[in-house]
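Grab a coffee and work through these exercises with the model open beside you. Each one starts with a task and then walks through the solution.

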Amino acid sequence: MNNKLTQLLSTKQKDILTLYFTAGFPKLESTISILKGLDSTDVDIIEVGIPFTDPVADGPVIQKSNTVALKNGITLPLLFKQLQEVNISKPIVLMGYFNQFLQFGAEQFCTQCKAANVSGLIIPDLPIAYFNTHYKELFDSNNLHNHYLITPQTSDERIREIDNISTSFIYAVADNSITGNTKDFNDAQVAYFKRIAMLKLKSPIQFGFGIYNNATFSKVCQYGHGGIIGSSFIKALEKGNSITDFVKNIRG
Amino acid sequence: MSRYTIDSEGFYGEFGGAFIPEMLVPNIQELQENYENIINSEAFKKEFISLLKNYVGRPSPLYYANNLSTHYNTTIFLKREDVNHTGSHKVNNTIGQVLIAKHLGKKYIIAETGAGQHGVATATVCALMNIKCKVFMGAKDVERQSSNYNRMNMLGAEVIPVTSGSKTLKDATNEALRYWIANPNAYYLIGSAIGPHPYPDMVTKLQSVIGDEIKQQLTNEYQQNKPNYVIACVGGGSNAAGSFYSFLEDEDVKLIGAEAHGKGEETGKSAATLNLGKKGVIHGCMTYLMQNKDGQIKEPYSISAGLDYPGIGPLHAHLYRTNRAQYIPVSDKEALKAAYFLTQKEGIIPALESAHALGVLEKLSFKKKDIVVVTLSGKGDKDIETYIKNSVK
Ligand SMILES: Cc1ncc(COP(=O)(O)O)c(C=O)c1O
């Protein structure tokens with residue numbers, strides 16, 4: 001079967017909107033209703049977070065959603081079951097920390113992803129070199145993309161290396177920070193967006209971290225191919241706001 | 001290269017490495033590229049050795065414990081890290097790392113702390129060297145260890161109570177890492193031989209003064225060639241790593257780590273990571289950790305706040321896996337008993353952490369002529385309340 005993310009990225013080059021939510025939050029079964037809800041909006045990519053006790057790269061909003069989801073009883077086997085229950089037309093990317101991937105078993109994890117029609121993974125604490133020597137073949141054979149992060153501190157040279165090995169979008173962390181900031185972009189951030197645009201990379205750029213409304217989404221779309229929104233979507237879900245309205249507001 | 005040192009990627013065998021998000025890569029790389037040069041430089045060595053001598057009071061005594069030896073019918077020495085300034089071995093590491101931070105031109109220090117011993121040692125050295133410091137401490141620990149919280153404040157540190165997760169050491173470490181991501185100008189001073197490469201190796205080397213002194217003191221003061229046993233307690237594993245380091249290549253020397261076994265395995269209230277944990281990644285490092293089958297990290301339990309860390313330094317994971325060292329679980333009760341015994345026999349009140357190392361003496365059988373060195377990692381002043389509450393007749 002074709003990888004939905006590969007298809008999407010080959011046809012759409014701008015204003016790509018990715019929404020992140022935490023599996024099993026606010027209710028255990030919410031995973032399914034949120035997936036279905038998102039599938040009927042004009043979101044492009046759905047990123048599903050695998051709850052973890054110790055999400056080091058995440059801010060308070062996502063931390064809390066992780067804690068609640070774990071209390072609700074979400075586990076990886078259950079998440080894979082939920083994903084298989086629904087038939088989602090949009091590409092799905094799973095985001096989780098390396099230890100869960102390890103404990104589940106790399107091979108089993110990738111096989112389950114394939115069975116659940118997952119297009120790729122984001123594992124922020126899995127270093128690129130370690131991925132290449134240990135898991136690259138496994139990912140390839142299961143038709144899964146791995147996603148690499150770059151940050152304002154990443155050198156041009158390393159960005160180019162990452163661009164060379166990337167098979168999907170590059171996750172450009174927009175801020176020297178953890179997730180969940182709601183401030184306007186500062187000059188240093190904008191300079192960094194420009195620097196990335198000037199590099200004219202082959203891989204599409206998705207900016208994430210600190211993108212939370214129409215203004216910040218539109219801004220990053222000027223410099224890259226799209227943006228990823230997490231914490232502010234989680235807040236909306238927590239309040240029980242309509243998914244359709246949330247997406248409409250972001251699209252503007 | 002030895003079997004027991006790190007490779008170029010920071011692995012001891014299959015353990016160690018740097019499993020960090022990209023946001024931390026520049027900071028970690030800077031440290032990886034520079035720490036060895038700094039530690040080996042004459043300027044660093046001169047300052048480090050001078051401070052260890054004149055400020056900390058090193059060398060710490062290697063004390064022949066006559067009464068204890070008679071009781072166990074063997075020859076027992078105590079390596080007295082408890083007499084160090086600030087009352088534990090932690091200060092060896094904080095002096096070293098604050099010097100490293102200064103060499104790197106860092107303007108302020110961040111640290112995590114559990115019981116507060118590392119936090120106090122950090123705040124102390126930062127006061128001495130006139131450098132700002134921020135200490136992350138689980139809100140639960142702030143309550144449990146209020147005297148250390150107050151000491152840190154008096155020393156001028158900004159202590160930040162951490163309310164995320166389980167509000168203890170692992171969450172304080174998470175929060176310090178998050179802060180570091182957002183504030184890459186800070187220097188993160190990790191308190192044990194844990195975390196991403198190069199911390200485990202760097203902390204081990206800074207603490208190796210313990211084992212080096214043991215070796216010299218046995219030779220010079222007691223005309224002994226080498227010990228038969230070196231015993232130390234293991235939280236993250238820094239005092240044990242420092243005690244073992246000089247003896248790793250000498251396979252005749254038995255190395256014993258004491259893990260905190262809390263209320264025992266049946267109760268699920270333990271911190272014996274190597275005995276109960278499984279391989280995985282915690283705080284940037286491949287090692288053993290306490291976790292459930294889904295890879296969620298479990299909150300460990302021990303009566304001693306300095307030993308309830310869910311992971312363990314990768315050197316120890318490697319020594320365990322290769323059978324170079326043995327790790328023995330010691331329960332709350334056994335540690336309390338050992339603490340009371342040492343106090344009554346030798347007039348030394350040990351830290352609860354160190355009491356776990358003493359608990360091992362009950363569990364092994366020694367020959368009369370065996371030389372047994374136990375590292376007394378800290379003093380018991382901070383634990384008096386717990387000792388009184390749990391008095392052992
Ligand atoms: C006195 C004492 N001993 C031991 C430890 C455990 O740390 P490590 O295993 O790094 O030596 C601590 C930690 O706080 C401590 O305060």
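**Exercise 1. A threonine in a loop**

Task: Work out where T151(A) sits in chain A, and whether it is buried or exposed.

Solution. Keep in mind throughout that this is a predicted model.

Step 1: Find the residue. T151(A) belongs to the loop that runs between β6 (149–150) and α9 (156–165) of chain A.

Step 2: Check its accessibility. The relative accessible area of T151(A) is 1%. Buried means under 20%, so T151(A) counts as buried.

Step 3: Look at who is around it. Skipping neighbours within four places in sequence, T151(A) is in contact with V173(A), Y192(A) and R195(A), and also with E22(B) and M23(B) from chain B.

**Exercise 2. From one residue to the interface**

Task: Describe the contact between the two chains, and say which three residues of chain B supply 26% of the area it buries against chain A.

Solution.

Step 1: Count the participants. Chain A puts 33 residues into the contact and chain B puts in 31 residues.

Step 2: Get the area. About 2,600 Å² is buried between chain B and chain A, and carbon and sulfur atoms give 56% of that.

Step 3: Name the contributors. They are E22(B), M23(B) and R178(B), which supply more than any other three residues of the area that chain B buries against chain A. Two names should ring a bell: E22(B) and M23(B) are also contacts of T151(A).

**Exercise 3. Sizing up the chains**

Task: For each chain, compare the radius of gyration with what the globule rule gives.

Solution.

Step 1: Start with chain A. Its secondary structure comes to 13 helices and nine strands. The radius of gyration of chain A is 17 Å, close to the 18 Å from the globule rule for 252 residues, so chain A is as compact as a globular protein of that length. Its C-alpha atoms fill a box of roughly 45 × 40 × 35 Å along the principal axes.

Step 2: Do chain B. Here there are 16 helices and 14 strands. A compact globule of 393 residues would have a radius of gyration near 21 Å, and the 19 Å of chain B agrees with that. For chain B, the C-alpha box is roughly 55 × 45 × 40 Å.

Step 3: Put burial and contacts next to each other.

| | Chain A | Chain B |
|---|---|---|
| Buried residues | 60% of 252 | 65% of 393 |
| Share of contacts (at least 6 apart in sequence) that join residues at least 24 apart | 75% | 74% |
| Accessible surface | about 10,000 Å² | about 14,300 Å² |
| Carbon and sulfur share of that surface | 51% | 48% |

Step 4: Add the charges. Chain A has 23 positive and 22 negative charges, with mean positions 5 Å apart. In chain B, the centres of the 42 positive and 40 negative side chains lie 3 Å apart.

**Exercise 4. A buried asparagine**

Task: Place N239(B) in its element and list what it is in contact with.

Solution.

Step 1: Locate it. N239(B) is in helix α11 (residues 238–244) of chain B.

Step 2: Classify it. At 4% relative accessibility, N239(B) is buried.

Step 3: List the contacts. Beyond four places in sequence, N239(B) is in contact with H89(B), I210(B), A232(B), C233(B), T375(B) and S377(B).

Step 4: Try a distance. N239(B) and K382(B) are 143 residues apart in sequence, and their C-alpha atoms are 18 Å apart in space.

**Exercise 5. Backbone oddities**

Task: Find where the cis peptide bonds from F25(A) and H197(B) lead, then place N130(B) and N323(B), which have a positive phi.

Solution.

Step 1: Recall the background. Most residues other than glycine have a negative phi, and most peptide bonds are trans.

Step 2: Take the cis bonds. F25(A) to P26(A) is cis with omega near -5°, and P26(A) lies in the loop between β1 (16–22) and α2 (30–39). H197(B) to P198(B) is cis with omega near 20°; P198(B) is in the loop between β8 (187–188) and α9 (199–207).

Step 3: Take the positive phi values. N130(B) has a phi of about 55°, sits in the loop between α5 (117–128) and β6 (132–138), and is exposed at 72% relative accessible area. N323(B) has a phi of about 60°, lies in the loop between α13 (314–321) and β13 (325–330), and is exposed at 67%.

Key. Residues are numbered from 1 along each chain as its sequence is written. Chains are lettered from A and ligands numbered from 1 in the order in which they are written. This is a predicted model: local features need pLDDT of at least 70, side-chain atom pairs count only at pLDDT 80 or more; totals for chains, interfaces and linings use all residues. Side-chain values use heavy atoms; hydrogens and water are left out. Helices (H or I, at least four residues) and strands (E, at least two) are DSSP runs, numbered from the N terminus. The radius of gyration is taken over C-alpha atoms; the globule rule is 2.2 Å times the number of residues to the power 0.38. Buried means under 20% relative accessible area, exposed over 50%, partly exposed in between (1.4 Å probe, protein chains only). Contact means heavy atoms within 4.5 Å. Accessible areas come from the Shrake-Rupley method with a 1.4 Å probe; for residues, only the protein chains shown count as cover. Lys and Arg count as positive and Asp and Glu as negative; His and the chain ends are not counted. The place of a charge is taken as NZ of Lys, CZ of Arg, CG of Asp or CD of Glu. Buried area is the accessible area (1.4 Å probe) that two parts lose on being put together, summed over both.
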